[in-house]
Amino acid sequence: MIYFDNAATTRVIPEVAEVVQKAMTETFGNPSSPYKLGLEAERLVRQARESVAAALGCRPDEVYFTSGGTEADNLAVRGTLQAKSRKGKHVVASAIEHAAILETLKHLSQLGLCEYTLVTPDSKGRVAPEAVLDAMRDDTVLVTVMAVNNEVGTIQPVSEIARLVKERDPEVYFHSDAVQALGKISCRVRELGADLLSISGHKLGGPKGVGALYCREGVRLISQITGGGQEREMRSGTENVPGIVGFGKAVSLALEQMAEQTAEWRQLQEQLLALLREIPDTQVIGDPLANAPHILSVGFRGVRGEVLVHALAAEGLFVSTGSACSSKRDVTSHVLKAMEVDPQVSEGSVRISFGWENTLQEVERAAELIEKAVRELRRFQRY
Ligand SMILES: Cc1ncc(COP(=O)(O)O)c(C=O)c1O
């Protein structure tokens with residue numbers, strides 16, 4: 001098996017699985033319990049919070065654990081709109097955000113709870129800071145632009161956008177979805193200028209169902225899950241201790257190995273690009289070498305992306321069409337549409353994304369499998 005779909009999810013790193021299992025079977029206490037077993041679980045959660053804070057360059061008490069990136073995005077959007085209802089209900093977002101942002105905005109606007117403006121990127125998938133500024137209004141309360149796009153890997157000019165937004169209106173909160181950025185590029189929140197930042201565990205060798213929202217001290221959000229008051233009243237519910245512990249471990253490993261790991265991914269990306277470019281009528285989408293090192297989006301004219309994904313899966317190579325979330329729905333990717341990618345290219349596009357296990361040998365084998373599958377499908381489809 002060659003698994004090149006790490007932007008969808010990753011295999012859990014064995015060292016991470018080990019601490020998760022220990023937290024499940026040994027340190028299984030409730031962090032709210034006053035006796036030793038509870039205090040021990042509380043200590044593990046505190047350590048994980050410190051690991052996440054170290055990766056983000058923030059204070060541990062600015063980190064709120066959630067059930068993943070989707071919940072962190074929801075908390076940022078809904079929590080801001082509710083906290084700032086006196087100022088207004090307008091949100092500016094990029095048109096290429098993940099569904100966790102876009103569907104939330106759509107849903108809230110249908111309920112009359114928000115208005116929003118989407119900013120389209122250029123043909124490389126980059127959102128211009130000036131375009132974000134132009135979309136702001138006096139009643140804007142939140143601007144949200146992701147750090148790395150999950151379908152094409154574009155790194156957005158987040159710090160520049162944050163600076164312009166704050167210059168125009170310091171009261172507006174700036175949020176960035178950094179789910180695909182953590183462990184791949186620096187996510188130090190002070191440098192990015194983010195008030196709010198979403199991250200998730202399962203994209204970097206951690207468990208699924210755990211993530212966090214960074215919320216800068218002084219930023220007021222309304223909690224979306226109320227109950228026992230965990231996470232300093234921001235997110236009630238007994239902490240997912242095993243998940244949080246695994247997340248903390250995965251984040252600290254990713255931080256430790258980031259320079260080495262990203263150099264390796266860049267090498268895999270360059271090699272794969274060179275091999276795939278030999279296939280006729282192939283177009284690389286976005287600007288891969290200026291992108292995050294782990295994501296590559298390529299379109300093969302005359303082939304249907306989903307057919308190619310199935311053909312490759314039958315050979316043991318796993319990639320995806322667009323994002324994993326949209327690939328099960330029969331819709332053209334909103335990201336490729338917003339980038340105005342030629343429909344013939346986007347229809348035949350696949351996303352290839354690397355993770356902690358991948359090797360150069362796998363890249364070479366994958367390129368052979370892709371070349372063969374594209375050639376056969378084109379013959380079959382009389383391209
Ligand atoms: C950019 C981005 N944001 C948010 C999410 C959602 O994260 P989670 O799966 O942890 O809910 C994903 C996952 O695909 C993502 O790629």
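**Exercise 1. The sheet that contains E2**

In which sense do E2 and E8 pair, and over how many bridges? Work through the strand order, the edges and the helix that packs on this sheet.

*Solution.* The coordinates belong to a predicted model, in which local features need pLDDT of at least 70, side-chain atom pairs count only at pLDDT 80 or more, and totals for chains, interfaces and linings use all residues. Residues are numbered from 1 along each chain as its sequence is written.

Step 1. E2 and E8 pair in the antiparallel sense over 4 bridges, where helices (H or I, at least four residues) and strands (E, at least two) are DSSP runs numbered from the N terminus, and two strands pair if DSSP finds at least two bridges between them. Within this pairing, Val63 stands opposite Tyr214 in E8.

Step 2. From E2, Val63 and Phe65 point one way while Tyr64 and Thr66 point the other way, and all are buried; a residue is buried if 20 or more other C-beta atoms lie within 10 Å of its own, exposed if 12 or fewer, and partly exposed in between, with C-beta atoms placed from the backbone.

Step 3. The open sheet has 7 strands in the order E2-E8-E7-E6-E5-E3-E4, with mixed pairing. Its edge strands, each pairing on one side only, are E2 (63–66) and E4 (115–119). Neighbouring strands of this sheet are turned by 20° against each other on average, direction ignored.

Step 4. H3 packs on the sheet and touches E2, E3 (90–94), E5 (140–144), E6 (173–177), E7 and E8, and its direction makes about 160° with that of E7. Such axes are lines fitted to C-alpha atoms, for helices over the stretch in contact, and the angles run from 0 to 180 degrees between N-to-C directions.

**Exercise 2. Ser198 and its strand**

Determine where Ser198 lies and describe its surroundings.

*Solution.* Step 1. Ser198 lies in strand E7, which covers residues 196–200. Five bridges join E7 to E8 (residues 211–215), and these two strands run antiparallel; Ile199 stands opposite Ala212 in E8.

Step 2. Ser198 counts as buried because 33 other C-beta atoms lie within 10 Å.

Step 3. Leaving out residues up to four places away in sequence, Ser198 touches Gly69, Ala72, Asp73, Ala76, Asp177, Ala178, Val179, Gly211 and Leu213, where contact requires C-beta atoms, placed from the backbone, to lie within 7 Å.

Step 4. The C-alpha atoms of Ser198 and Leu75 are separated by 9.3 Å, although these residues are 123 residues apart along the chain.

**Exercise 3. The ligand shell**

Which residues are the closest to the ligand, and how does the shell divide by residue class?

*Solution.* Step 1. The ligand is surrounded by 14 residues, the closest being Gly68, Gly69, Thr70, Asn150 and Ser200; a residue is near a molecule or strand if its C-beta atom, placed from the backbone, lies within 6 Å of it.

Step 2. Helix H3 (residues 69–83) gives the largest share of this shell, 3 residues.

Step 3. The shell divides into 4 nonpolar, 8 polar and 2 charged residues, with Ala, Val, Leu, Ile, Met, Phe, Trp, Tyr, Cys and Pro counted as nonpolar, Asp, Glu, Lys and Arg as charged, and the others, Gly among them, as polar.

**Exercise 4. E10 and the domain contact**

Place E10 in its sheet, and then describe the side of domain 1 that touches domain 2.

*Solution.* Step 1. An open sheet of 3 strands has the order E9-E10-E12, with antiparallel pairing, and its edge strands are E9 and E12.

Step 2. E9 (residues 282–285) pairs with E10 over 4 bridges, among them those that give Val284 the partner Val298 and Thr282 the partner Phe300. E10 is joined to E12 (residues 349–353) by 5 bridges, and Gly299 has Ser349 as its bridge partner in E12.

Step 3. In E10 (residues 295–300), 6 of the 6 residues are buried: Ile295, Ser297 and Gly299 point one way, and Leu296, Val298 and Phe300 the other way.

Step 4. The domain assignment, which is automatic or from a database, gives domain 1 (2–9 + 258–380) and domain 2 (14–253). Between these domains, 26 residues of domain 1 are in contact with 25 residues of domain 2. The elements that give two or more residues to the domain 1 side are H8 (241–276), E10 and H11 (334–338), and the residues of that side divide into 13 nonpolar, 10 polar and 3 charged.

Methods: Contact = placed C-beta atoms within 7 Å.
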